[in-house]
Amino acid sequence: KRGDRMNGEFNLELYTIAMTRLNNGFGKIGNIIQDNASALNMENEDDERDKKFSKMTAGVKRALPDFTTALKEFKELYADIQSDLNQKEIRLDDYEPFFKHVVETFPKSSKDLEEGIKGIKEATANSNEELKNIIAELGDIINQTIAIFTDIYSLSANSLEKINKGELKWI
């Protein structure tokens with residue numbers, strides 16, 4: 001696991017790395033599409049268009065590990081939070097600001113992810129099957145990421161409610 005952490009202590013490093021990795025992945029794919037956009041606007045199939053689609057497919061394949069690793073890290077983070085919440089005591093200074101951050105930002109982040117993959121699918125709608133398939137694989141990873149964001153959001157909102165009721169013991 002990244003970062004040394006004691007039980008009950010939030011792993012900010014893991015969260016930061018996962019978010020950065022996710023954003024970098026979208027940046028890479030945006031650049032790939034932008035650099036090869038002319039192929040998406042070509043009507044005729046020719047060698048130049050096919051080369052650009054192959055280049056785009058290879059670029060998206062190279063970016064997939066950013067998304068799969070970020071998903072794994074968000075799942076790890078979620079499991080850590082669940083584990084910590086089952087401890088007798090957790091660190092209020094670590095978790096309460098994170099829970100508030102999640103409640104404030106994750107609904108928009110999830111919507112941004114949905115819109116991001118929708119935009120990528122729309123931008124590559126005129127591509128070949130190989131590129132469409134790799135984009136579909138990316139879409140599946142993004143949907144799983146949205147699902148874990150939803151889980152983290154629910155856990156955070158419920159925890160904030162328990163904090164407000166004094167039901168969680170903090171150190």
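**Exercise 1. The order of the elements**

In what order do the elements of the protein chain run from the N terminus on?

*Solution.* The model is a predicted one, and we begin with its secondary structure. Counting the elements of the protein chain gives 5 helices and 0 strands. Reading from the N terminus on, we therefore write the order of the elements as α-α-α-α-α.

**Exercise 2. The overall form**

Compare the radius of gyration of the protein chain with the value from the globule rule, and then describe the box that the C-alpha atoms fill.

*Solution.* For 171 residues the globule rule gives 16 Å, whereas the radius of gyration of the protein chain is 20 Å, which is well over that value, so the chain is more spread out than a compact globule. Next, we take the principal axes, along which the C-alpha atoms fill a box of roughly 65 × 30 × 20 Å. Turning to the surface, we find an accessible area of about 9,500 Å² for the protein chain, and 46% of it belongs to carbon and sulfur atoms. Finally, for the charges, the chain carries 24 positive and 31 negative side chains, and the centres of these two sets lie 2 Å apart.

**Exercise 3. The nonpolar core**

Find how many residues the largest nonpolar core has, and state which elements give two or more residues to it.

*Solution.* As a first step, note that buried residues make up 42% of the 171 residues in the protein chain. The largest nonpolar core has 49 residues, and those with the most contacts inside it are Phe67, Phe74, Ile81, Phe98 and Phe99. Two or more residues of this core come from each of helix 1 (12-35), helix 2 (37-41), helix 3 (47-85), helix 4 (92-123) and helix 5 (129-165). In soluble globular proteins, nonpolar side chains tend to be buried together.

To look at one member of the core in detail, take Phe98 and leave aside its neighbours within four places in sequence: Phe98 is then in contact with Phe10, Tyr15, Leu77, Ile81, Ile152 and Ser156. For the chain as a whole, among contacts between residues at least 6 apart in sequence, 79% join residues at least 24 apart.

**Exercise 4. Two residues of helix 4**

Decide whether Ile120 and Asp93 are buried or exposed, using the cut-offs of under 20% relative accessible area for buried and over 50% for exposed.

*Solution.* Ile120 is found in helix 4, and its relative accessible area is 7%, so Ile120 is buried. Beyond its neighbours within four places in sequence, Ile120 is in contact with Phe26, Ile29, Ile33, Ile135 and Leu138. Asp93 also has its place in helix 4, but its relative accessible area is 65%, and therefore Asp93 is exposed. Although Asp93 and Phe10 are 83 residues apart in sequence, their C-alpha atoms are 9.0 Å apart in space. Ile120 and Glu104, by contrast, are 16 residues apart in sequence and 26 Å apart in space, C-alpha to C-alpha.

**Exercise 5. Two residues of helix 5**

Classify Asn143 and Gln144 by their relative accessible area, and find the contacts of Gln144.

*Solution.* Asn143 is found in helix 5, and with a relative accessible area of 45% it is partly exposed. Between Asn143 and Tyr15 there are 18 Å in space, C-alpha to C-alpha, and the two are 128 residues apart in sequence. Gln144 lies in helix 5 as well, and its relative accessible area of 30% makes Gln144 partly exposed. Leaving aside its neighbours within four places in sequence, we find Gln144 in contact with Leu71 and Lys75.

Definitions and conventions. Residues are numbered from 1 along each chain as its sequence is written. This is a predicted model: local features need pLDDT of at least 70, side-chain atom pairs count only at pLDDT 80 or more; totals for chains, interfaces and linings use all residues. Side-chain values use heavy atoms; hydrogens and water are left out. Helices (H or I, at least four residues) and strands (E, at least two) are DSSP runs, numbered from the N terminus. The radius of gyration is taken over C-alpha atoms; the globule rule is 2.2 Å times the number of residues to the power 0.38. Buried means under 20% relative accessible area, exposed over 50%, partly exposed in between (1.4 Å probe, protein chains only). Contact means heavy atoms within 4.5 Å. Accessible areas come from the Shrake-Rupley method with a 1.4 Å probe; for residues, only the protein chains shown count as cover. Lys and Arg count as positive and Asp and Glu as negative; His and the chain ends are not counted. The place of a charge is taken as NZ of Lys, CZ of Arg, CG of Asp or CD of Glu. A nonpolar core is a set of buried Ala, Val, Leu, Ile, Met, Phe, Trp, Tyr and Cys residues joined through side-chain atoms within 4.5 Å.
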